Amino acid sequence: MYTIVLMTLMVLLIPSLVLLALFYIDSMRTPVNDPLQISPKEAKKQFKNGTAIPVDVRDKEEWDHGHLPGAIHLPMKSRAHSLLPDSMTLVVYGDSVYQSRTNAVALRAMGFHHARYLSEPYHAI
């Protein structure tokens, strides 16, 4: 009896875990030459000339440990998107490039068509 249950679980569970692992690995890749991506050098230049603003999408605890000067703190769990200017480039950054990209795409879907994401960790600025 236990053997049948164990075999059934293995037949169902192992393929699911493999698919989940493959999905996770694929989701971590960032497209090459992604037009939404912005380099730290270009972002810094735009921050200086006032055409862009950094948007930190990390949790409050991470924000408290450090963030870019002048950044808007907007964890994606929040609903405070009305705080964002729609006339400037929004340079989104988070814990990873994947998190940054995901949130930039979400902001674009909300109508913030100038949202881009930082191509490297924010410490590079």
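**A buried arginine and its surroundings in a predicted model**

Arg58 is buried, its relative accessible area being 5%. In this predicted model, the residue is found in the loop that runs between strand β2 (52-56) and helix α3 (60-64). Its side chain makes a polar contact of 2.7 Å with the side chain of Asp56, and the two side chains also meet in a salt bridge, with an N to O distance of 2.7 Å. Asp56 is itself buried, with a relative accessible area of 0%. A polar atom of the Arg58 side chain furthermore lies 2.4 Å from the backbone oxygen of Gly66. When neighbours within four places in sequence are left aside, Arg58 is in contact with Trp63, Gly66, His67, His73, Pro75, Tyr93, Gly94, Asp95, Gln99 and Tyr122.

The chain in which this arginine is set has 125 residues, of which 31% count as buried. The fold comprises 4 helices and 5 strands, which follow one another along the sequence in the pattern α-β-α-β-α-β-β-α-β. Among the contacts with a separation of 6 or more, 60% are accounted for by residues 24 or more positions apart. The protein chain exposes about 8,300 Å², and carbon and sulfur atoms supply 65% of that area.

Two of the contact partners of Arg58, Tyr93 and Tyr122, also interact with each other. A search of the whole structure finds 1 aromatic pair, formed by Tyr93 and Tyr122 in a tilted arrangement, with 5.0 Å from centre to centre and 35° between the planes. The pair links distant parts of the chain, given that Tyr93 belongs to strand β4 (residues 89-93) whereas Tyr122 lies in the segment after β5 (115-118), 29 residues apart. Both Tyr93 and Tyr122 are buried.

Nonpolar side chains form separate cores in the model. In soluble globular proteins, nonpolar side chains tend to be buried together. The largest nonpolar core here has 14 residues, and those with the most contacts inside it are Val55, Leu74, Leu84, Leu90, Val92 and Leu107. The elements that give two or more residues to this core are β2, β4, α4 (97-109) and β5. A second, separate core consists of 10 residues and includes Ile38, Ala52, Leu68 and Tyr93; Tyr93 is thus listed in this second core as well as in the aromatic pair with Tyr122.

Leu107, one of the residues with the most contacts inside the largest core, lies in helix α4. Its relative accessibility is 0%, and because the limit for a buried residue is under 20%, Leu107 counts as buried. Not counting residues up to four places away in sequence, Leu107 touches Leu74, Met76, His81, Leu84, Val92, Phe112 and Ala115. Of these partners, Leu84 stands 23 residues away along the chain, with a separation of 9.9 Å between the C-alpha atoms of Leu84 and Leu107.

Side chains of opposite charge can pair when their charged atoms come close. A search of the whole structure finds 3 salt bridges, one of which is that between Asp56 and Arg58 described above. Another is formed by Asp34 and Arg101, whose closest N and O atoms are 2.8 Å apart. Asp34 lies in the loop between α1 and β1 and Arg101 in helix α4, so this pair ties together parts that are 67 residues apart in sequence. Asp34 counts as buried, at 9% relative accessibility, whereas Arg101, at 27%, counts as partly exposed. The loop that holds Asp34 runs between α1 (2-27) and β1 (37-38), and within it the side chain of Asp34 reaches the backbone nitrogen of Leu36 at 3.0 Å. Beyond residues up to four places away in sequence, Asp34 touches Arg101 and Tyr117.

A further salt bridge joins Asp64 to Lys60, with the closest N and O atoms 2.9 Å apart. Both residues lie in helix α3, 4 residues apart, a spacing of about one turn of the helix. Asp64 counts as partly exposed, at 49% relative accessibility, in contrast to Asp56, which is buried at 0%.

Conventions: Residues are numbered from 1 along each chain as its sequence is written. This is a predicted model: local features need pLDDT of at least 70, side-chain atom pairs count only at pLDDT 80 or more; totals for chains, interfaces and linings use all residues. Side-chain values use heavy atoms; hydrogens and water are left out. Buried means under 20% relative accessible area, exposed over 50%, partly exposed in between (1.4 Å probe, protein chains only). Contact means heavy atoms within 4.5 Å. Accessible areas come from the Shrake-Rupley method with a 1.4 Å probe; for residues, only the protein chains shown count as cover. A polar contact is a pair of N or O atoms within 3.5 Å; within protein, one must be able to donate a hydrogen and the other to accept it, and residues adjacent in sequence count only if both atoms are side-chain atoms. Rings of Phe, Tyr and Trp (its six-membered ring) pair if their centres lie within 6.5 Å; planes under 30 degrees apart count as stacked, over 60 as edge-to-face and the rest as tilted. A nonpolar core is a set of buried Ala, Val, Leu, Ile, Met, Phe, Trp, Tyr and Cys residues joined through side-chain atoms within 4.5 Å. A salt bridge is a side-chain nitrogen of Lys or Arg within 4 Å of a carboxyl oxygen of Asp or Glu.
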